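Here are some friendly notes to read with the model open beside you. Take the points in order and find each residue as you go.

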Amino acid sequence: MQLFNDARARYLYEAVTCGSVRAAAEKMGIAPSAISRQVSLLEEELNAVLLERHRKGVVPTHAGQLLIDYYRQHMAHRHDMLAKIESLRGLQSGSISVVSGEGFAQEMIAGPIQQFRQQHPGVSISLDIFGTTEIMRRVREDEAEIGLVYYAPADAHIVSRGTALQPMHAIIGPNHPLRHAHQTSLQELTAWPMALLHGIYGIRQLIDHAERTEKIHLKAALTTNLISVAIGFVTSGQGVTLLPRCAVSTELAQGRVHAIPVDSAALDHAEVQLITRAGRHLSPAANRFLQYCMHGMQAFQRV
């Protein structure tokens, strides 16, 4: 059986996930030549080409992808083992990695993160903000333990640990003509300039689905990758955006925006979900944090 140095697999993994040897070297804080050397030694040990170098970076060969899959599984098993050891120590130390959509970040910081750290100050929390597609990928590939996502697509490698219905609303400024309306429709909203998120976000994917279902086209006056920018568009009186109420809870409390229900079956049944990878053994700290999110966030309360 062919023997190889497992530790070298990380250099291959980082080169591929970062897209280039140089980017991986910057992330790891070492010289690019050191990464190239480790990958070359790995190729010698396995007698196989693992990387193909292109002008724009590197991509794995079939053999390289097999090794990357092996490395991911190895790291997942390592995490599970450490989580079990951590369970013997209680919640005096450790870390939790969370990926979330932007619309949940403010409430998570002021709610479950603050509450959790008051009870368990020795546990550190990493919170990174991404769109739905990247959140799913990071949870699926064990780059994060917990994901908080809106309108998540079905994925056999992902399980939902908690869900709550969060219908989409038309978000308008305090002086908008619709401010006293009890309800609006997608057809009515076509009359107003819209701020919409890019397609990597579950919010936009849900809107696209509703447009197809109702044969309506919302023309975006502004497209952005930040919810805060869409809200700024609304509060400056330029138009309307579509978001769940939980994404604008602070602005609603301050009276800076109004949320008008939209008469749309597609928009009414969207959910916010706490997700983890199927089969992953979460640490006691991560399991406890899940409970803090479920009970401490408005996003998981009935609307």
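The points below go from the whole chain to its pockets, its cavity, its surface and a few backbone angles.

1. Please keep in mind that this is a predicted model. The chain holds 12 helices and 12 strands. Along the principal axes, its C-alpha atoms fill a box of roughly 70 × 50 × 30 Å. Of the 303 residues in the chain, 45% are buried.

2. Now look for the largest pocket, whose volume is about 780 Å³. Which residues lie nearest its centre? They are His 79, Ser 97, Asp 142, Glu 143 and Arg 280, out of 34 residues that line the pocket. Several elements give two or more residues to this lining: helix H1 (9–18), helix H4 (62–89), strand S3 (94–100), strand S4 (123–129) and helix H6 (132–140). The largest share, 11 residues, comes from H4.

3. What kinds of residue make up that lining? The lining of the largest pocket divides into 15 charged, 12 nonpolar and seven polar residues. You can try the sorting yourself on the central group: His 79, Ser 97, Asp 142, Glu 143 and Arg 280.

4. The second largest pocket has a volume of about 210 Å³. Its lining consists of Asp 69, Arg 72, Gln 73, Ala 76, Arg 140, Glu 141, Asp 142, His 157, Arg 277 and Ala 278. H4 again deserves your attention, as it gives the most to this lining, with four residues. By class, the second largest pocket is lined by six charged, two polar and two nonpolar residues. Do you recognise a name? Asp 142 is in this lining, and Asp 142 is also one of the residues nearest the centre of the largest pocket.

5. Next comes the cavity. How many cavities of 30 Å³ or more does a search of the whole structure find? The search finds one, and its volume is about 140 Å³. It is lined by 19 residues, with Gly 101, Phe 104, Tyr 150, Ile 203 and Ile 227 nearest its centre. Helix H5 (102–119), H6, strand S5 (146–150) and helix H8 (202–214) each give two or more residues to this lining. The cavity lining has 13 nonpolar residues, five polar and one charged.

6. Turn to the surface, where Met 81, Leu 82 and Ile 85 form a nonpolar patch. Together they have about 240 Å² of accessible area. Met 81 sits in helix H4. Is Met 81 buried or partly exposed? Its relative accessibility is 41%, so Met 81 counts as partly exposed.

7. H1 is a good place to practise finding buried residues. In this helix, Ala 9, Leu 12, Tyr 13, Glu 14, Ala 15 and Val 16 are buried. Just after H1, Gly 19 takes a positive phi of about 95°.

8. Finally, check two residues that have a positive phi without being glycine. Asn 47 has a phi of about 55° and lies in the loop between helix H3 (32–46) and strand S1 (51–54). Because its relative accessibility is 68%, Asn 47 counts as exposed. Tyr 151 has a phi near 55° and is found in the loop between S5 and strand S6 (158–165). With a relative accessible area of 28%, Tyr 151 is partly exposed.

Notes
Residues are numbered from 1 along each chain as its sequence is written. This is a predicted model: local features need pLDDT of at least 70, side-chain atom pairs count only at pLDDT 80 or more; totals for chains, interfaces and linings use all residues. Side-chain values use heavy atoms; hydrogens and water are left out. On a 1 Å grid over the protein atoms alone, a cavity is a set of points where a 1.4 Å probe fits but cannot get out, and a pocket is an open set with protein on both sides within 12 Å along at least five of seven lines; lining residues have an atom within 4 Å of a point. Grid points are joined across faces, edges and corners, and a volume is the space filled by probe spheres set on the points. Ala, Val, Leu, Ile, Met, Phe, Trp, Tyr, Cys and Pro count as nonpolar, Asp, Glu, Lys and Arg as charged, and the others, Gly among them, as polar. Patches are made of residues with over 30% relative accessible area and no salt bridge: like charges are joined within 9 Å, nonpolar side chains (Val, Leu, Ile, Met, Phe, Trp, Tyr) within 5 Å. Accessible areas come from the Shrake-Rupley method with a 1.4 Å probe; for residues, only the protein chains shown count as cover. A salt bridge is a side-chain nitrogen of Lys or Arg within 4 Å of a carboxyl oxygen of Asp or Glu. Buried means under 20% relative accessible area, exposed over 50%, partly exposed in between (1.4 Å probe, protein chains only).
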